[in-house]
Amino acid sequence: MSDQHAIIADVLAYRELQKLLSTYIDAIPQLIAPDGRLHATFLQAGTTTGRMGCEDPNLQNIPTKSENGKRIRRAFVAQKGYSLVALDYSQIELRIAAGLSGDSTLVEAFTKGEDIHSAVASRVFGVSQADVSKEQRRRAKVINFGILYGMGVNALRQSLGEAVSREEAQAFLEGYFESFKGLASWIQMTKQETARRGFTETIFGRRRYFSGFDSAMPNVRAQAERMAVNAPIQGAQSDIVKLAMVEADRVIREKGWEGKARLILQVHDELIYEVKSDIAEIVGKEIKNVMERVAPIEKLSNVPIVTEMEIGATWSDV
């Protein structure tokens, strides 16, 4: 309804502020423990996708792009003498999609270290990468992430903005699948296999069962198809980050860094450690190596898994 009346934008803005106020600003001071720190509860099996959940408070849902979200993050500070080290898997779900599908064009783009959104825009819009405009790259980014969640034409048109018609969105989608036939085939095969078997499986063998394929209602079946396409991708990402957490913990103990480096937060494909400032760079690089090597890239068409690292005094800094 957002394009139907000017008041909708105000309602959404109010909703965001109210949510930030009730979930974080009002709630967090009440949750501080006797040691002066905040201890959220992490749920190992809190979601159907395999991702870890978080509650009391949910620290995984603070908006990342808004100024208000950044202001809340400034309140999360490292202990004196320590720094926060944030390690974030770069575009891991897109890399997994490329690896699972074996799409030669996507695999080549990641292997060469190309900017994936510009590479996709170049192929979909038929221009050289050097000539890709900011708007074309933005549209390619929307399509890239939309594909992972089974986005249809109407949802894509909405995400691309009011200036894009349904016909244009349809053309973008068709151009995308024409350019990336390997990914298109994998998506189709995943839907068919899931309908036949009733479950999807990650590269580590973890299953997720679906009942919606048997529904008489087309919208329920369509939703099951969308989730089935996303499940092996997001499921593999969830498995990889959990393996990385376990392996990094082992390395911290082996190196004698206990008490000097500790994992304090996990936000889906990002890990945040609190580390003694004088060894933050060394520890960060070691954990970065762990995160990159724990993924079995031989099962992902040898698409490289890349981790980015930031060090700072507050959560906002990283």
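# Pockets, a buried strand and salt bridges

Biologist: What volume does the second largest pocket have?

Modeller: The second largest pocket comes out at about 730 Å³. Keep in mind that this is a predicted model.

Biologist: OK. How many residues line the second largest pocket, and which lie nearest its centre?

Modeller: There are 25 lining residues, and R37, L38, A75, F76 and V77 are the ones nearest the centre. The elements giving two or more residues to that lining are helices α1 (7–25) and α2 (28–31), plus strands β6 (261–267) and β7 (270–276).

Biologist: Which element gives the most to it?

Modeller: That's β6, with three residues.

Biologist: And by class, how do the residues of that lining divide?

Modeller: You get 19 nonpolar residues, three polar and three charged.

Biologist: Now the largest pocket. What's its volume?

Modeller: For the largest pocket it's about 1,100 Å³. Its lining has 29 residues, with T64, K65, D88, D269 and E270 closest to the centre.

Biologist: Which elements give two or more residues to the lining of the largest pocket?

Modeller: Three helices and two strands, going by name: α3 (67–73), α4 (92–101) and α7 (134–148), then β3 (82–89) and β8 (307–312). By class, that lining holds 11 nonpolar residues, seven polar and 11 charged.

Biologist: You mentioned β3. How many of its residues are buried?

Modeller: Seven of the eight are buried, so β3 is largely enclosed by the rest of the structure.

Biologist: How many bridges join β3 to β7?

Modeller: Seven, and the two strands run antiparallel. One place to look is Y82, whose bridge partner in β7 is K276.

Biologist: And how many bridges are there between β3 and β8?

Modeller: Six, again in the antiparallel sense. Over there, Y89 has T307 of β8 as its bridge partner.

Biologist: Where do side chains in a regular strand go, as a rule?

Modeller: They alternate between the two faces of the sheet.

Biologist: Switching topic: where does A244 lie?

Modeller: A244 is in helix α11, which covers residues 218–254. With 0% relative accessibility, A244 counts as buried.

Biologist: What does A244 touch?

Modeller: Leaving out residues up to four places away in sequence, A244 touches Y89, V290, M291 and V294. Y89 is the residue I just paired with T307 in β8. As for M291, its C-alpha is 5.2 Å from that of A244, though the two are 47 residues apart in sequence.

Biologist: And T202, where is that found?

Modeller: T202 sits in the loop between β4 (199–201) and β5 (207–209).

Biologist: Is T202 buried or exposed?

Modeller: T202 counts as buried, at 9% relative accessibility; the cut-off for buried is under 20%. Neighbours within four places aside, T202 is in contact with G235, A236 and D239.

Biologist: On to salt bridges. How many does the count come to?

Modeller: The count is 22 salt bridges. In general, side chains of opposite charge can pair when their charged atoms come close.

Biologist: R37 came up by the second pocket. Which residue forms a salt bridge with R37?

Modeller: E274 does, with the closest N and O atoms 3.0 Å apart. E274 is in strand β7 and R37 in the loop between α2 and β1 (41–43), so the pair ties together parts that are 237 residues apart in sequence.

Biologist: How accessible is E274, buried or exposed?

Modeller: E274 is buried at 0% relative accessible area, while R37 counts as partly exposed at 28%.

Biologist: D239 touched T202. Which side chain meets D239 in a salt bridge?

Modeller: R206, at 2.8 Å from N to O. This pair links distant parts of the chain, with R206 in the loop between β4 and β5, D239 in helix α11, and their positions 33 residues apart. R206 is partly exposed at 30%, but D239 counts as buried at 11%.

Biologist: Which residues are linked in a network of salt bridges?

Modeller: E193, R196, R197, E201 and R207 are linked that way. Within it, the side chains of R196 and E193 meet at 3.0 Å, N to O. They're three residues apart in helix α10 (residues 181–197), so about one helical turn separates them. R196 is exposed at 59%, and E193 is partly exposed at 28%.

How values were computed:
Residues numbered from 1 in each chain as written. Predicted model: local features only at pLDDT ≥ 70, side-chain atom pairs only at ≥ 80, totals over all residues. Heavy atoms only, no water. 1 Å grid on protein atoms, 1.4 Å probe; cavity = no way out; pocket = protein on both sides within 12 Å on 5 of 7 lines; lining within 4 Å. Points joined across faces, edges and corners; volume = space filled by probe spheres on them. Helix = DSSP H or I, 4+ residues; strand = E, 2+ residues; numbered from the N terminus. Nonpolar A, V, L, I, M, F, W, Y, C, P; charged D, E, K, R; others polar. Buried < 20%, exposed > 50% of the residue type's maximum accessible area, 1.4 Å probe, protein only. Pairing = 2+ DSSP bridges. Contact = heavy atoms within 4.5 Å. Salt bridge = Lys/Arg side-chain N within 4 Å of Asp/Glu carboxyl O.
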